[in-house]
Protein chains: 2
Amino acid sequence: MKVSATSAAQVVAQPPSNTTSAVPTIVDVDLGDRSYPIYIGSGLLDQPHLLQKHVHGKRVLVLTNTTVAPTYLDKVVSALTHGNPNVSVESVILPDGEKYKNMDTLMKVFDKAIESRLDRRCTFVALGGGVIGDMCGFAAAAFLRGVNFIQIPTTVMAQVDSSVGGKTGINHRLGKNLIGAFYQPECVLIDTDTLNTLPERELASGLAEVIKYGLIRDAEFFEWQEKNMPALMARDPNALAYAIKRSCENKAEVVSLDEKESGLRATLNLGHTFGHAIETGFGYGQWLHGEAVAAGMVMAVDMSYRLGWIDDSIVKRTLDILQAAKLPITPPETMTVEMFKSVMAVDKKVADGLLRLILLKGPLGNCVFTGDYDRKALDETLHAFCK
Amino acid sequence: MKVSATSAAQVVAQPPSNTTSAVPTIVDVDLGDRSYPIYIGSGLLDQPHLLQKHVHGKRVLVLTNTTVAPTYLDKVVSALTHGNPNVSVESVILPDGEKYKNMDTLMKVFDKAIESRLDRRCTFVALGGGVIGDMCGFAAAAFLRGVNFIQIPTTVMAQVDSSVGGKTGINHRLGKNLIGAFYQPECVLIDTDTLNTLPERELASGLAEVIKYGLIRDAEFFEWQEKNMPALMARDPNALAYAIKRSCENKAEVVSLDEKESGLRATLNLGHTFGHAIETGFGYGQWLHGEAVAAGMVMAVDMSYRLGWIDDSIVKRTLDILQAAKLPITPPETMTVEMFKSVMAVDKKVADGLLRLILLKGPLGNCVFTGDYDRKALDETLHAFCK
């Protein structure tokens, strides 16, 4: 098998070289006849059978971007075709970044799929971070009214959050992820080796979602993170693998209980309503998603404290852990109260005009999703974080 | 209640005026937790409770076109808001025609929905023919990853076929309905009075799908049509109501058995592979969908006969009934064998490179969906119908 060149950005040693026989950890997402496995481990892209058993037809379209393609595209094509000459693989390489997660880019994917005469038995493969996964999933959901797809997330953000659970979509100029589908993959393959080439800022961005799971539902995991944040930041393979597995378990459990976000699933959006406002108001791609979510979580925690729903130790621990992960704890200085309010008004969690928020309530690891809060606390939080 | 002006195109008498108390015929589409009723009858738009019980939030977006809006939009807004002051209704009026069933038009719907700050509890209402229904359904499927929608079909084509069963989507320049979703409505409301304003050519186009049900699975219905085609063409209300009901029953049964088109549902596409080639090759909107399907059915029947799968009486009866409905029985003269082949190659029924077709086999009312046929027969049919 062809092995791609190691990137200069690699900062920690590879695990022992004999990884092809490594047994992946499997987390199952239980959704009845749409259930699927998440494979987690080192060297999984060197195990062609993992991918191949989830490809049912003869044609595959790999969707990736200009950053990921040079390092991993050949490796994925090899994994798909090794010992499997009947499968042909096409690829679309998109520009990298949240600002390309729109309908114009999506149409390029449809153009390629249709010009290549892919049929209903084809499989789309998302190779990249959350932007690629979200777009590829929505493209797969809509192409010929639905074809199979596989997620190969290559960032912490995508591995611990966006690749799991079937939320797919694109942005509209007025808001994030406003157009999309709930559409589940055939499998998620997380090769933790791909994190060796991930930039520092992307690593930290993903850890924002890891921290989120601790805050909303897993106090024990939060405590583990408090102790192990230096190891995570140093890309200790065992620490990363554990954080990814535990995050996927948390996400899989929530998604299994509430696939279409009737209620519980919304709690996974702690900090995201404030965070989406930052991403949309400040311009897609200026801040990474996890950076905006980090500042958003601080705002949600601040508001929870103003409401008297949590004690100040949780506020302090949230600030401390985000700073340990080198994540921002305030929104960009150019954000105004009005910018927050205008974007938050089109949030998907608005119901009949009422903005519902995820707020912490009670001991660490407990939260609520509610529209029943004092508007004054929201106003105070917005004013406290904006000039 | 406000009643819209009667169009000059009205060609038959209205049923007795006291229609507001008419009890609708109900055909149920049985899809588990996504089941829904089809209401069929005269004067149903004068019965606000029928629509209102399927609107769950406070905001409604009606999608219609420049042809339908002047006659029916006010009536539908009244039906949605009569005695229901908490509901507010917005509308988007699109240009009329298949050539606007594309992503550019769809984005205008998203723009309107987002600018109006519609939330997940809103309901989209499709008021119009198949183009409006297909686009509105896909918009509802993708907006905020899915909101409720209601179909109010105003053409025979939409009432007997496209509004039922949840196939939604838009065209791509290289082929029809290549981008979309399976997405079921909350209900379908068929007010047969809307047919009074339908142009002759649109009436005939819809009857092509009615004839289809007879050919593929309902010989008794075909025989009824042979006797009653003059009444249908004269818009006899009882004949039309029966044809719509029986068509919806056939469609609902097939959709219930095979929602996602694993096999059986594909049989509803008799003549559509040839027909789509005509629509795409000849230019969207030059021929109405049913006109293209009529010529396509003749070609499928011709091919079935060449394969020795049906006897010549079925060929003759097919030609006779289509001519009685003033439908074309040959493709446009400009269509070439190559044009057919290039569009048919991207048909959604291609699987791993093999084009599967719906062909008649056996006595009237029987068909097969198969890729197992002699290529020579397909070639002969194409050459027989192209110069």
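In this predicted model, B:Lys361 sits over the face of B:Trp309, 4.1 Å from the ring centre. That is a charge over a ring inside one chain. Another such placement joins the two chains: B:Arg145 lies over the face of A:Phe182, at 6.0 Å from the ring centre.

Step back to the pair of chains. A turn of 180° lays chain A on chain B, with a shift of 0.0 Å along the axis and an RMSD of 0.0 Å. That is the relation of a two-fold axis. The contact surface is shared as well: 100% of the contact residues of chain A recur in chain B. Which residue of chain A comes closest to the rotation axis? A:Met103 does, with its C-alpha at 4.2 Å.

Now take the interface itself. Chain A brings 38 residues to the contact, and chain B brings 38 residues. About 3700 Å² is buried between chain A and chain B. Carbon and sulfur atoms give 57% of that area. On the side of chain A, the residues that lose the most area to chain B are A:Arg120, A:Arg145 and A:Asp352. Together they make up 22% of what that side buries.

Charged side chains also meet here. The interface of chain A and chain B holds 6 salt bridges. One salt bridge joins A:Arg173 to B:Asp111, at 3.9 Å from N to O.

Turn next to the aromatic rings. Over all chains, the structure has 14 aromatic pairs. In chain A, A:Phe149 and A:Tyr183 are stacked. Their ring centres are 6.0 Å apart, and 15° separates the planes. Where do the two residues lie? A:Phe149 belongs to strand E6, residues 148–153. A:Tyr183 is in the loop between strand E8 (175–182) and strand E9 (187–191). The two are 34 residues apart in sequence, so the pair ties together separate parts of chain A. Is A:Phe149 buried or exposed? A:Phe149 is buried, because its relative accessibility is 1%, below the 20% cut-off.

Chain B has a pair at the matching residue numbers. The ring centres of B:Phe149 and B:Tyr183 are 6.1 Å apart. Their planes meet at 20°, under the 30 degrees that stacking requires, so this pair counts as stacked. B:Phe149 is in strand E6 of chain B, and B:Tyr183 is in the loop between strands E8 and E9. Again the pair links distant parts of the chain, 34 residues apart. The two partners differ in burial: B:Phe149 is buried at 1% relative accessible area, whereas B:Tyr183 is partly exposed at 22%.

Rings also gather beyond pairs. In chain A, ring pairs link A:Phe221, A:Trp224 and A:Tyr242 into a cluster.

One glycine leads back to A:Tyr183. A:Gly146 is found in the loop between helix H4 (130–142) and strand E6 of chain A. A:Gly146 is partly exposed, with 21% relative accessible area. What does A:Gly146 touch, leaving aside its neighbours within four places in sequence? Its contacts are A:Ala140, A:Ala141 and A:Tyr183. A:Tyr183 is thus a contact of A:Gly146 and the stacking partner of A:Phe149. A:Gln225 lies elsewhere: A:Gly146 and A:Gln225 are 79 residues apart in sequence and 39 Å apart in space, C-alpha to C-alpha.

Methods: Residues are numbered from 1 along each chain as its sequence is written. Chains are lettered from A and ligands numbered from 1 in the order in which they are written. This is a predicted model: local features need pLDDT of at least 70, side-chain atom pairs count only at pLDDT 80 or more; totals for chains, interfaces and linings use all residues. Side-chain values use heavy atoms; hydrogens and water are left out. Copies are superposed by least squares on the C-alpha atoms of residues with pLDDT of at least 70 in both. Contact means heavy atoms within 4.5 Å. Rings of Phe, Tyr and Trp (its six-membered ring) pair if their centres lie within 6.5 Å; planes under 30 degrees apart count as stacked, over 60 as edge-to-face and the rest as tilted. Helices (H or I, at least four residues) and strands (E, at least two) are DSSP runs, numbered from the N terminus. Buried means under 20% relative accessible area, exposed over 50%, partly exposed in between (1.4 Å probe, protein chains only). A charge sits over a ring if NZ of Lys or CZ of Arg is within 6 Å of the ring centre and within 35 degrees of the ring normal. Buried area is the accessible area (1.4 Å probe) that two parts lose on being put together, summed over both. A salt bridge is a side-chain nitrogen of Lys or Arg within 4 Å of a carboxyl oxygen of Asp or Glu.
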